[in-house]
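Trainee: Could we go through this one together? I should like to begin with the basics and then follow the details.

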Amino acid sequence: MSVKYLKETASQTAGPYVHIGLAPHQAGFDIFQNNFDNNLVGATTRGAQIIIEGRVYDGSGSLVRDALIEAWQANADGRYNHPGDRQKTGSVDPNFRGWGRACTDFETGIYRFYTVKPGCVTGRSGKVQAPHISLWIVARGINMGLNTRIYFADEEKANESDPILRGIELKKRRDTLIAQPSQKDGKTVYTFDIVLQGENETVFFDV
Amino acid sequence: MNDLVSHAPPAFLKEGANPYPELYRRDYAAQSPAYTPIYKTSVLRSPSNALLSIDHTVSETTGPMFGHNELGLLDNDLIMNYAKDGEAIGPRIIVHGYVLDENGRGLPNTLVEFWQANAGGRYRHKNDTYLAPIDPNFGGCGRTLTDENGYYYFRTIRPGAYPWRNYVNSWRPAHIHFSLFGNAFAQRLITQMYFEGDPLIKVCPIIKTIPDEEAVNRLIAPLDLNASVPDDTMAYRFDMVLRGRRSTLFENRLEGN
C-alpha cells in the first residue's frame, strides 16, 4: 500500500496553433472582447516602465517564430499580486497583475513585453533575490513548458548575491539569464534572447 | 477519481501558516521528456542540458489570478461565440469536469482556456493550409473560470482529425487543447484532451512521447451520457490535475514571513 495522490496531468505540446486559444489576434481573427496580451502596465502602475524584447532560437540557430511566452513578476516594490506573497515590506499595486503573454512574430521572430522593472523579492530563509521576471515558454516541439528567469545586467550587485544565480556553476551559463539594457526612442529596452538548445543554451529550471 | 482521500491537514494546525506553500516536486516519470525523436519537431527544440532544480520561492508559489469581469458571456460557448449567420457545424458536445490538485482538492476560480480545429479538422489560423474548409461560424477557442469546487464546463462541436507533417500520412486524433493556471506559476500547464474510442490515439507520435500508459489514458475523455442534453448535445468528461502543495503542519522558514 502506498499513500494515494492524484498524478499531475501529462503535459502536451502547445502545437503550432496555440495562438488560436491564447492570442487569437496573432492567429488572424478577433473573437474576445477582452484579450490578454504583452502589456502588463496600466495608466497608474507604479515603477519604472521598461520593454523586454528578444528572440527565441532552436538548436540549429534558426528563429522560433511560433513560440508563446508568459511573464510573471513582482511589482516595483518586489511584491506579487497574490495572497501567497506574505512579505512584510512594500505593498501590492492594484494596477499591476504582474502577468502577460507575448508571441514571437511570425516574420521577425521578436517578442516584446511592456512592463515595469520589478523590485527585489525576499526568497527562502530571508535571502534577497535580485529583481527578476519568471518566464514560461511553449511552442510546437516543446513537450512541456520551459521555465526560466530574466535578470537585469544593471543590477550587478544584487545579481552577485542572488541565491539562484549563484547556484549556476558556470558563469557562461549564468550569463544566459542576464538581460542587457539599451535606450531606444527614450525608452529603456532590455534584450533577452532565449536559446532552446546548443551553444549558449539558456538555463531552464525544474521548478 | 472518486475514491480520493483529501490530504488536507486539520485546520487547527494551519493557523497563521501560508495558505500557498511550496508545491510537490514534479513527477517526470509520467511526463514526456523534452527530446522525443518520434515527434520530430522536438529534436531541435529540446534543451540538451539538464533542467536546474530550484527550491520554490514566492516567485514560484504565486501566480496570476483572473476575474469573471474579464470574460465575456459567450466565452465558454464555441457554438455561439463566433456565430455570424448561423451556428457552428458539427456534432454538438459539452466538455466538463474538475481541475484538481494532486491532493484531490478542486482548484477554484482558475482560468481554463481551450482551442481546437473545426469539425473538418481545419484551424482558424493563418498558418493552417489544410484543404478542409473553414467554418464561417466557428472561431475554435474559448475560456472559463472554474467554480468554487474547481468545476468547469463549455459547449463546442466535436473537432475533426487532420493530417500533419511528421511522417508521411500522420494524422492527429481529434483533440482539444487546454491551458491551465492553477494558483501558482509553477502549476502552469498545457495539455490535450482526446476522445474515447478514437483509433488514431494509438498511432499518434505526440501521444507516444508520454512514457506512461496510465498518464495517456488520463488524457482520454470518456463519453458521459448522463451529462448530455437529450435530443441536443452529447457530453464528455475530462478531469485535469495540477501539482499539489505541501502541508504546512510545521512551517519551514520560507519566504521571510
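Mentor: The conversation below goes from confidence to one residue, then to the contact between chains and a strand.
Mentor: This is a predicted model, in which local features need pLDDT of at least 70 and side-chain atom pairs count only at pLDDT 80 or more, while totals for chains, interfaces and linings use all residues. Residues are numbered from 1 along each chain as its sequence is written, and chains are lettered from A and ligands numbered from 1 in the order in which they are written.

Trainee: What is the mean pLDDT of chain A?
Mentor: The mean is 97, and 100% of the residues of chain A reach 70 or more; pLDDT is the predictor's confidence in each residue, from 0 to 100.

Trainee: Which element of chain A has the lowest mean pLDDT?
Mentor: That is strand 5 (residues 121-122) of chain A, at 96, whereas strand 7 (residues 132-138) of chain A has the highest, at 99. Strands (E, at least two residues) and helices (H or I, at least four) are DSSP runs, numbered from the N terminus.

Trainee: Where does A:Phe113 lie?
Mentor: A:Phe113 belongs to strand 4 (residues 110-116) of chain A.

Trainee: Why does A:Phe113 count as buried?
Mentor: Because A:Phe113 has 26 C-beta neighbours inside 10 Å. With C-beta atoms placed from the backbone, a residue is buried if 20 or more others lie within 10 Å of its own, exposed if 12 or fewer, and partly exposed in between.

Trainee: And what is A:Phe113 in contact with, leaving aside neighbours within four places in sequence?
Mentor: Its contacts include A:Asn38, A:Ile52 and A:Gly100, contact being C-beta atoms, placed from the backbone, that lie within 7 Å.

Trainee: Changing topic, how many residues does each chain give to the contact?
Mentor: Chain B gives 80 residues and chain A gives 71 residues. Among the elements of chain B that give two or more residues to the side touching chain A are helix 1 (58-61) and strand 9 (189-195).

Trainee: Which strands join across the chains?
Mentor: Strand 12 (residues 205-206) of chain A and strand 1 of chain B run parallel, joined by 2 bridges. A:Phe205 has B:Leu52 as its bridge partner. Strands pair if DSSP finds at least two bridges between them.

Trainee: Finally, how many residues of strand 2 of chain B are buried?
Mentor: In strand 2 (residues 92-101) of chain B, 7 of 10 residues are buried.

Trainee: What does strand 2 of chain B pair with in the antiparallel sense?
Mentor: Strand 5 (residues 151-157) of chain B, over 7 bridges; there B:Arg92 stands opposite B:Ile157. Strand 2 of chain B also runs parallel to strand 11 (residues 234-237) of chain B, with 4 bridges.

How values were computed:
Contact = placed C-beta atoms within 7 Å.
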